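Colleague: I would like a close look at one part of this model, its enclosed space. Please take me through it step by step.

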Amino acid sequence: MTNSIFDVYGAPVLAILFVLLFVLESNYQLRKRVQGRWKRVIINFVVSIPAFLLLRLMLIPVMVWLAMKNQSWHIGLNYLFDATPLIEGAIAFMLLDYSNYLWHILLHKLPILWRFHLVHHCDLDLDVTTAFRFHFGELIGSVIFRGAAVVLIGAGAVAVLIYEIAFEAATQFHHSNLKMPFRLERMLNFLVVTPRMHGIHHSIVKQQTDSNYAIIFSIWDRIHRTVRLNVHQDKIITGVPSYADESELTIGRLFKLPFTKIRPWPPVRHNASGNEREKKEPRDSIR
């Protein structure tokens, strides 16, 4: 019954959001594309099928099951105090988002996890379809981490599902290639991760990729000083420099990629004008 929240309410909302972003980014493009769009659509969606099945058939059911079992275990922060369901839900929502910020950092820092997350990052363009381009191995790993987070936070099943819907919506939004009015995006970015912010995270420059890990709320990057916003979008080259050959990024090779020898990230110099701007502008000044 609880899972129906995702299927009955979440799935239609996410489907509508995807279509809306897909159309909008077609007409209001933030970054110039370097690949054929429909070829990437096919590759990204085929790669996403096993991950999507694991999301719906394993990740979400496990998190909901743990949240429901925890009602008798009484483990986690929310069981250490008495509060209204609304307050408990809000705390759980925020902490679930913080846990995913930490998980994202681990995906980049631990070699065993990076080899799976690399499939997502080696996309040579960045748009709403990239939001689905995850290797199924990464989803299996996330079951352990995110399931543990649900228990340690003491999140309820409804809070878990509401957060998961928001998580998927935010992932679609900040991966999109949507060019919004600059002032609007700058205001939104004080609260949430936006396309310009996450676009920097997908740069081939390692120092830029090692920033902007947040999923929904941008505050986590600001608190931990991992925020970087002072990079112009027209200076960003998307992807991983050691996997820049489009002919290598086929469906079959992407599935096999985590099980091959992973190439190191070669040094990539900043654009000279970008370095000058970085010296003059604070890292948290969105461009």
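How many cavities of 30 Å³ or more does the structure hold?

Modeller: The structure holds two cavities of 30 Å³ or more. This is a predicted model, so local features need pLDDT of at least 70 and side-chain atom pairs pLDDT 80 or more, while totals for chains, interfaces and linings use all residues. Residues are numbered from 1 along each chain as its sequence is written, and side-chain values use heavy atoms, without hydrogens or water. A cavity is a set of points on a 1 Å grid over the protein atoms alone where a 1.4 Å probe fits but cannot get out; lining residues have an atom within 4 Å of a point. Volume is the space filled by probe spheres set on the points, which are joined across faces, edges and corners.

Take the largest cavity. Its volume is about 60 Å³. Nine names make up the lining list: Met63, Leu96, Ser99, Asn100, Arg146, Ala149, Val150, Val160 and Tyr163. The elements that give two or more residues to this lining are α3, α5 and α6. Helices are DSSP runs of H or I with at least four residues, numbered from the N terminus. By class, the lining has six nonpolar, two polar and one charged residues. Nonpolar here covers Ala, Val, Leu, Ile, Met, Phe, Trp, Tyr, Cys and Pro; Asp, Glu, Lys and Arg are charged; the others, Gly among them, are polar.

Three of these lining residues, Leu96, Val150 and Val160, recur in the largest nonpolar core. There they stand with Ala155 and Ile216 as the residues with the most contacts inside the core. That core has 39 residues. A nonpolar core joins buried Ala, Val, Leu, Ile, Met, Phe, Trp, Tyr and Cys through side-chain atoms within 4.5 Å. Buried means under 20% relative accessible area, exposed over 50%, partly exposed in between (1.4 Å probe, protein chains only). Helices α1 (4-27), α2 (37-73), α3 (85-109), α5 (136-153) and α6 (157-175) each give the core two or more residues. Helix α6 gives the most, with eight. Apart from this core lies another, of 14 residues, including Leu118, Val119, Val240 and Ile262.

Ile216 deserves a stop. Leaving out residues up to four places away in sequence, Ile216 touches Phe93, Asp97, Tyr163, Ala166, Phe167, Ala170, Leu191, Val192 and Val193. A touch is a contact, with heavy atoms within 4.5 Å. Among those partners is Tyr163, and Tyr163 also lines the largest cavity.

Now the second largest cavity. About 40 Å³ of space lies there. Gln35, Arg40, Ile43, Asp123, Arg133, Leu249 and Leu254 line it. By class, this lining has three nonpolar, one polar and three charged residues.

The charged residues in this lining are paired. The side chains of Asp123 and Arg40 meet in a salt bridge, at 2.8 Å from N to O. The rule is a side-chain nitrogen of Lys or Arg within 4 Å of a carboxyl oxygen of Asp or Glu. This pair links distant parts of the chain: Asp123 sits in the loop between α4 and α5, Arg40 in helix α2, 83 residues apart. Asp123 counts as buried because its relative accessibility is 1%. Arg40 is also at 1%, so Arg40 counts as buried too. Asp123 has a second partner in Arg133, at 3.6 Å from N to O. Asp123 and Arg133 both lie in the loop between α4 and α5, so this pair ties together parts ten residues apart in sequence. Arg133 is buried, as is Asp123.

These residues belong to a wider network. Salt bridges link Glu25, Arg33, Arg37, Arg40, Asp123, Asp127 and Arg133. The full count comes to 13 salt bridges. Another of them joins Lys39 and Glu246, at 3.3 Å from N to O. Lys39 lies in helix α2 and Glu246 in the loop between α10 (219-223) and α11 (251-256), so this pair ties together parts 207 residues apart in sequence. Lys39 counts as partly exposed, at 46% relative accessibility. Glu246 is partly exposed at 30%.

Open space is a separate matter. A pocket is an open set of points with protein on both sides within 12 Å along at least five of seven lines. The largest pocket has a volume of about 710 Å³. Its lining has 35 residues, with Leu55, Ala131, Phe132, Phe134 and Glu168 nearest the centre. Helices α1, α2, α3, α4 (111-121), α5 and α6 give two or more residues to that lining. By class, the lining has 18 nonpolar, eleven polar and six charged residues. The second largest pocket has a volume of about 360 Å³. Its 17 lining residues include Arg31, Lys32, Gln233, Asp234 and Ile236, which lie nearest its centre. By class they are six nonpolar, four polar and seven charged.
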